[in-house]
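Me: Please choose a single residue in the structure shown here and look at it closely. I am new to this structure, so please then lead me outward to the parts around it and to the rest of the chain.

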Amino acid sequence: MIWDRRTLLRLAGGGATLAALQPLTPAWAHTGSHGVGPTLESLNGPDIALTVGHSPFRLGERTGHAVTVNGALPAPLIRLREGQNVRLSVTNTLDEDTSIHWHGLLLPFQMDGVPGISFPGIRPRETFVYEFPIRQSGTYWYHSHSGLQEAMGHFGPMIIDPAERDPIAFDREHVIVLSDWSFLHPHEILRRLKVSPGYFNQQRTTVAGLLSGADRMGVSERRMWAGMRMDPRDISDVTGATYTYLVNGHGPDDNWTGIFTPGERVRLRIINAAAMTNFNVRIPDLAMTVVQADGENVRPIEVDEFQIAVAETYDVIVTPPDDRAYTIVSEAVDRSGMGRATLAPRLGMSAAIPPVREIPNLTMRDMGMDMGGMDHGAAMGHGAMDHGAMNMRDRARA
Ligand SMILES: [Cu+2]
């Protein structure tokens with residue numbers, strides 16, 4: 001986790017000046033939010049201080065407004081150990097209430113961080129101290145449960161190491177936080193959706209698409225969807241039309257890179273902290289073995305790709321055999337864009353980036369006309385349509 005700093009120190013010790021260092025540091029060292037470099041800041045111990053506030057957020061040439069924790073998007077990695085006690089002091093420097101919900105953690109309800117339900121929320125310029133024992137292990141995350149702050153960057157990863165030896169063997173790990181960023185304020189996104197539910201959907205079926213065959217749909221099927229006044233490509237409400245899909249707070253062009261040595265077992269802790277986006281995750285030419293889902297170890301299952309719904313976490317093991325780069329692709333389920341990062345033996349490498357695939361047409365099954373119906377994700381109010389992920393998890397847990 002300290003790889004980059006160590007390298008920079010070594011370079012600096014070798015007599016390189018800061019000016020000379022500048023071009024050596026990759027794009028993601030200069031973009032994103034202040035304070036987030038190649039690795040996420042890690043906070044541990046029994047006492048952790050978090051400050052919620054406003055931060056500028058840079059993506060390409062544009063700078064937007066983010067709500068952050070300790071100035072970072074994603075928020076710092078909180079790393080704890082099963083069996084410890086933790087005190088998390090959260091100070092609110094915003095002009096509105098805030099909160100932190102510890103997603104997936106078993107804790108006394110007063111510490112759950114849902115305003116109006118488990119506590120009153122954290123008023124401007126107040127500090128709230130969360131304190132609870134850590135009774136589990138695994139990959140989790142935390143986020144605001146106030147207003148639309150989570151959509152503006154108020155989320156971060158949390159890892160709890162097991163009290164005993166970890167049954168999952170790995171030589172190295174990377175935390176991969178997926179999210180969706182828009183320069184539109186989430187209130188404005190919501191307003192446009194209320195005016196027109198399909199506002200951000202630029203991939204709807206059309207008469208031209210029907211006639212040319214581009215919609216991959218016959219007249220009778222098309223008529224059926226029209227009869228329901230629905231579109232078979234109504235997959236995501238908010239899309240790549242406004243979103244840039246981020247990996248650890250960095251856009252596709254920034255090429256966030258995780259380092260490996262060929263032959264190592266690398267554990268990727270993948271967290272979907274997006275506000276609205278479900279992703280299909282794959283690493284072309286590299287099989288992934290899912291070993292944990294939502295913090296629970298599962299019987300390992302090898303996959304080429306998996307779907308991760310909003311708020312889910314999956315841990316996978318990859319063993320990149322060769323001295324080459326691999327692209328981590330997190331493609332939005334509606335194929336309106338993708339997040340992209342790289343696994344490589346050294347910085348500055350990249351692999352081929354596959355094009356975004358063709359948008360699928362929904363079927364009656366997706367509409368819940370089939371036995372399955374709504375799934376956990378939707379029932380929890382965290383988003384829709386994670387059949388793929390659920391199917392895979394059912395298999396993994398079987
Ligand atoms: Cu949550």
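Reply: **A residue and its surroundings**

Tyr142 is buried because 27 other C-beta atoms lie within 10 Å. The term has fixed limits: a residue is buried if 20 or more other C-beta atoms, placed from the backbone, lie within 10 Å of its own, exposed if 12 or fewer, and partly exposed in between. The model is predicted, and local features need pLDDT of at least 70, side-chain atom pairs count only at pLDDT 80 or more, and totals for chains, interfaces and linings use all residues. Residues are numbered from 1 along each chain as its sequence is written.

Tyr142 belongs to strand β9, residues 138–143. Strands are DSSP runs of E with at least two residues, and helices are runs of H or I with at least four, both numbered from the N terminus. Beyond its neighbours within four places in sequence, Tyr142 is in contact with Ile78, Ile100, His101, Trp102, His103, Phe155, Gly156 and Met158; a contact requires C-beta atoms, placed from the backbone, within 7 Å. His101 is 41 residues from Tyr142 along the chain, yet their C-alpha atoms are separated by 5.6 Å.

His103, one of these contacts of Tyr142, lies in strand β7, residues 101–103. His103 is also buried, since 22 other C-beta atoms are within 10 Å of it. Setting aside residues up to four places away in sequence, His103 touches Tyr140, Trp141, Tyr142, His143 and Ala311. Tyr140 and His103 are 37 residues apart in sequence and 6.4 Å apart in space, C-alpha to C-alpha.

Another contact of Tyr142, Met158, leads to the largest nonpolar core, which has 82 residues. Such a core is a set of buried Ala, Val, Leu, Ile, Met, Phe, Trp, Tyr and Cys residues joined through C-beta atoms within 7 Å. Val90, Met158, Ile176, Leu178, Ile270 and Val316 touch the most other members. Strand β11 (residues 172–181) gives the most to this core, with 5 residues. Domain 2 (31–166) and domain 4 (244–397) both give residues to the core, so it lies between them; the domain bounds come from an automatic or database domain assignment. Val90 touches Leu50, Val52, Ile100, Ile122, Thr127, Phe128 and Tyr130, not counting residues up to four places away in sequence. Ile100 is thus named twice, as it is also in contact with Tyr142.

Strand β11 also takes part in an open sheet of 6 strands, ordered β12-β11-β14-β19-β16-β17, with mixed pairing. Two strands pair if DSSP finds at least two bridges between them. At the edges of this sheet are β12 (244–247) and β17 (296–303), each pairing on one side only. From one strand to the next, the twist averages 25 degrees; axes are lines fitted to C-alpha atoms, and angles run from 0 to 180 degrees between N-to-C directions. Within the sheet, β14 (residues 266–272) and β19 (residues 313–318) run antiparallel and are joined by 6 bridges. Val266 stands opposite Val318 in β19.

A further open sheet has 5 strands in the order β13-β21-β20-β15-β18, again with mixed pairing. Its edge strands are β13 (256–259) and β18 (305–308), each of which pairs on one side only. β13 and β21 (residues 338–344) pair in the parallel sense over 4 bridges, and the bridge partner of Gly258 in β21 is Leu343.

Elsewhere, 8 bridges join the antiparallel strands β3 (residues 47–59) and β4 (residues 62–69). These strands form a hairpin with 2 residues between them, and Gly60 in the turn has a positive phi of about 60 degrees. Helix α5 (residues 219–227) is hardly covered: of its 9 residues, the count of buried ones is 0.

The whole chain has 7 helices and 21 strands, and buried residues make up 41% of its 398 residues. Among contacts between residues at least 6 apart in sequence, 75% join residues at least 24 apart. The mean pLDDT, the predictor's confidence in each residue from 0 to 100, is 85, and 82% of the residues reach 70 or more. Over residues 5–23 the pLDDT is below 50, and this stretch has 6 contacts beyond near neighbours in sequence. Residues 372–398 also have pLDDT below 50, with 43 such contacts in the model.

How values were computed
Two residues are in contact if their C-beta atoms, placed from the backbone, lie within 7 Å.
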